[in-house]
Amino acid sequence: MPVRTDSFDLGALRLSSGEGRRLELEVALDALTFGAQTYEIRPRVVDAVLDISCMTRGGYALRLRFDAVLRGSCMRCLEPAQPAIAVDAREVDQPGGGDELQSPYVRDQELDVRGWARDALALALPAQLLCRDDCAGLCAVCGENLNEAGPEHAHERAPDSRWAKLSELKLD
Ligand SMILES: [Zn+2]
Ligand SMILES: [Zn+2]
């Protein structure tokens, strides 16, 4: 039965060196701002899997996985978008191992699951959040949604200069 968790006491597991544990947690996520848009997270509380390994040299290797669906506007066509994001993040925390081996989410064996989940989701976002991968976006000339207008949507192009020359010849 998953437990709603904001932070987690790693020490309470009393893992011995080399031992590991997999936990199912519920983690609450706040709305996310990306570009100029705000995206709601659905569900707001995600089911996450947390793998904890107690390393032989002390400290922990951690892996956090969950799926979240964002709800907001497509960055190309501005229609509603619900991109699904799969998060798979790893952290190592080894006291005395130097800055690189110190996780910013672990303090005195207390893991900030919520803060880590929030940052990991932000890092897992693609460059653009779209209604669908091949969203055609808006017409650069008239602003019409090209997903609906279809491939036949076009505007009269400015005449090519070569054709202009030809039409001059015709006038002679
Ligand atoms: Zn779109
Ligand atoms: Zn157009």
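Is Cys 74 buried or exposed? In this predicted model, Cys 74 has a relative accessibility of 0% and is therefore classed as buried, the cut-off being under 20%. Cys 131, by contrast, reaches 29% relative accessibility and so counts as partly exposed.

Both residues belong to the coordination site of the zinc ion (ligand 1), whose protein donors are the SG atoms of Cys 74, Cys 77, Cys 131 and Cys 135, at 2.3 Å from the metal. The angles among the 4 donor atoms span 106 to 114°, and the site is tetrahedral. For four tetrahedral donors, the ideal angle at a metal is 109.5 degrees. Along the sequence, the donor residues follow the spacing C-x2-C-x53-C-x3-C. Distant parts of the chain are thereby linked: Cys 74 lies in the loop between β7 (60-73) and β8 (80-81), whereas Cys 131, 57 residues apart from it, lies in the loop between α1 (113-124) and α2 (146-149).

The largest nonpolar core comprises 35 residues, of which Ile 52, Phe 66, Leu 70, Leu 111, Trp 116 and Leu 121 touch the most other members. Two or more residues each are contributed by β3 (20-28), β5 (37-42), β6 (45-54), β7, β9 (84-93) and α1, with β7 supplying the largest share, 6 residues. Beyond its neighbours within four places in sequence, Phe 66 is in contact with Leu 29, Val 46, Asp 47, Ala 48, Ile 85, Ala 86, Val 87, Ala 117 and Leu 121. A separate core of 5 residues lies apart from the largest one and includes Cys 74, Cys 77, Ala 81 and Leu 130. Cys 74 and Cys 77 are also zinc donors.

Terms used
Residues numbered from 1 in each chain as written. Chains lettered and ligands numbered in written order. Predicted model: local features only at pLDDT ≥ 70, side-chain atom pairs only at ≥ 80, totals over all residues. Heavy atoms only, no water. Donors = N, O, S within 2.8 Å, 3.2 Å for Na, K, Ca; no water. Tetrahedral: all angles 85-135°; square planar, octahedral: opposite > 155°, others 65-115°. Helix = DSSP H or I, 4+ residues; strand = E, 2+ residues; numbered from the N terminus. Buried < 20%, exposed > 50% of the residue type's maximum accessible area, 1.4 Å probe, protein only. Core = buried A, V, L, I, M, F, W, Y, C linked by side-chain atoms within 4.5 Å. Contact = heavy atoms within 4.5 Å.
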